[in-house]
Amino acid sequence: MKSDVEELMPRLLPVEFGAAAEDLDLNGPPRNPREYLRQVQLEASLCPEVVVAQIDPKKLKKKQTINASVSVFCLKVAGCRAAPEGFSPSLSWQQHQVGNFSHVRQSITKNRDHWSSNILDDDVQMPELTDEEGWKRFCLGETVYAGASSGQTEAEPEPLLDYSKVGYPPFLTIVSRLNQSTVLMVLEVLICWFEEHEFVPQLGRWLYALLACLEKPLLPESHSSIRQLARRCAQLRSTLESQEDEKLPALNLLICLVARYFEQNDLADQPE
């Protein structure tokens, strides 16, 4: 007589067996597909219909408490520090910046082949991919890079424009030559530098340009880097003493692009 389970569950692989199948040895290997399916049926019939797991309530309670604490901690550090009153940009300003940024990205994509084919000036020596210190000097300039340890954050005026001193701007002929691996690497290097130093104009220009070259959908490491950037901008913004500080628009812009364009919505500034 068929069991209740056999009556209720349809056979996905119906196989008919003769009387000899009752003498099948489960300890031996099946010799053909029919014997294999019969072994599976017989093994299933030997399994209990209900299995009760033996769990120590004390151990379970302890693990649940630890996991809950970790989850709460992660939620607390995930977002950006709220802007001081009056320091947060309006929603219309953020939408306008996202629109401008989108046009810049489209222009770079459309003209990448044209700009990358242009010959660089003789004095432009781009660093090797793995030369992190070289990229800091290239983007920020020797004056900022060398003066960072002594607290200097702005390049001193030069009698003649010397890009090795003040940093090479992110010209289209330069950024168009960077593949995605290089874009992400340089972005990570500059963000790590920013974690330990103040904001300077050279840094802002390069961060904007690299974000404009960052392709979507983002890789996991890209998500982590740009979120780190937004949090650092928000942390620095919270220390500003005046709404007239020249760093405020740049910090707001970078937070806006990360949150609104790259869809990290939990980091977005909300209208006051």
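**A cis proline and the helices around it**

P217 lies in the loop that links α10 to α11. The model is a predicted one, and in it the peptide bond leading from K216 into P217 is cis, with omega near 0°. Most peptide bonds are trans, and most residues other than glycine have a negative phi. A departure from the second of these habits comes later in the chain, at E263, and is taken up below.

The setting is helical throughout: the protein has 12 helices and 0 strands. Read from the N terminus, its elements run α-α-α-α-α-α-α-α-α-α-α-α. The protein has 272 residues, and buried ones make up 33% of them. Of the contacts between residues at least 6 apart in sequence, 70% join residues at least 24 apart.

On the N-terminal side of the loop that holds P217 is α10. This helix has 13 residues and covers 19 Å from its first C-alpha to its last, close to the 18 Å expected at 1.5 Å a residue. α10 is mostly covered, with 10 of its 13 residues buried. The buried positions are Q202, L203, G204, W206, L207, A209, L210, L211, A212 and C213.

What is the geometry between α9 and α10? Two packed helices are described by the angle between their axes and the distance between the axes. The axes of α9 (residues 180-196) and α10 come within 10 Å and cross at roughly 145°. The crossing is left-handed. From α9, the residues that make the contact are Q180, V183, V186, L187, L190, I191, W193 and F194; from α10, they are L203, W206, L207, L210, L211 and C213.

α10 is also one of the elements against which the buried residues of α4 pack; the others listed are α8 (172-175) and α12 (248-261). Helix α4 itself spans residues 91-116, 26 in number, and reaches 36 Å from first C-alpha to last, close to the 38 Å expected at 1.5 Å a residue. A kink of about 50° is present in α4, centred on K110. The buried residues of α4 are Q94, Q97, V98, F101, R105 and I108. Q106 also belongs to α4. With a relative accessible area of 49%, Q106 is classed as partly exposed, because the exposed class begins over 50%. The C-alpha atoms of Q106 and A212 are separated by 8.9 Å, although the two residues are 106 apart along the chain. A212 is among the buried residues of α10.

Beyond the loop with P217 comes α11. Helix α11 runs over residues 220-237 and includes R227. Is R227 buried or exposed? It is buried: its relative accessible area is 15%, and the buried class takes in values under 20%. The side chain of R227 makes a polar contact of 2.8 Å with that of D266.

α12 has 14 residues and reaches 19 Å from its first C-alpha to its last, close to the 20 Å expected at 1.5 Å a residue. This helix is mostly covered, 11 of its 14 residues being buried. They are L248, L251, N252, L253, L254, I255, C256, L257, V258, A259 and Y261. The cover over the buried residues of α12 includes α4, α9, α10 and α11.

A259 gives one example from α12. Its relative accessible area is 1%, so A259 counts as buried. Between A259 and I226 the C-alpha to C-alpha distance is 9.1 Å, with their positions 33 residues apart in sequence. Leaving aside residues up to four places away in sequence, A259 touches Q264, N265, L267 and A268.

The segment after α12 contains E263. Phi of E263 is near 60°, a positive value in a residue other than glycine. Where A259 has a relative accessible area of 1% and is buried, E263 is exposed, at 54% relative accessibility. D266, the partner of R227 in the 2.8 Å side-chain contact, brings the account back to α11, the helix in which R227 is placed.

Technical notes. Residues numbered from 1 in each chain as written. Predicted model: local features only at pLDDT ≥ 70, side-chain atom pairs only at ≥ 80, totals over all residues. Heavy atoms only, no water. Helix = DSSP H or I, 4+ residues; strand = E, 2+ residues; numbered from the N terminus. Buried < 20%, exposed > 50% of the residue type's maximum accessible area, 1.4 Å probe, protein only. Polar contact = N/O pair within 3.5 Å; in protein donor to acceptor, adjacent residues only side chain to side chain. Expected span 1.5 Å × (residues − 1). Bend = angle between axes of the 7 residues up to and from the residue. Contact = heavy atoms within 4.5 Å. Axes fitted to C-alpha atoms, helices over the stretch in contact; angles between N-to-C directions. Left-handed = near helix turned anticlockwise from the far one by under 90°.
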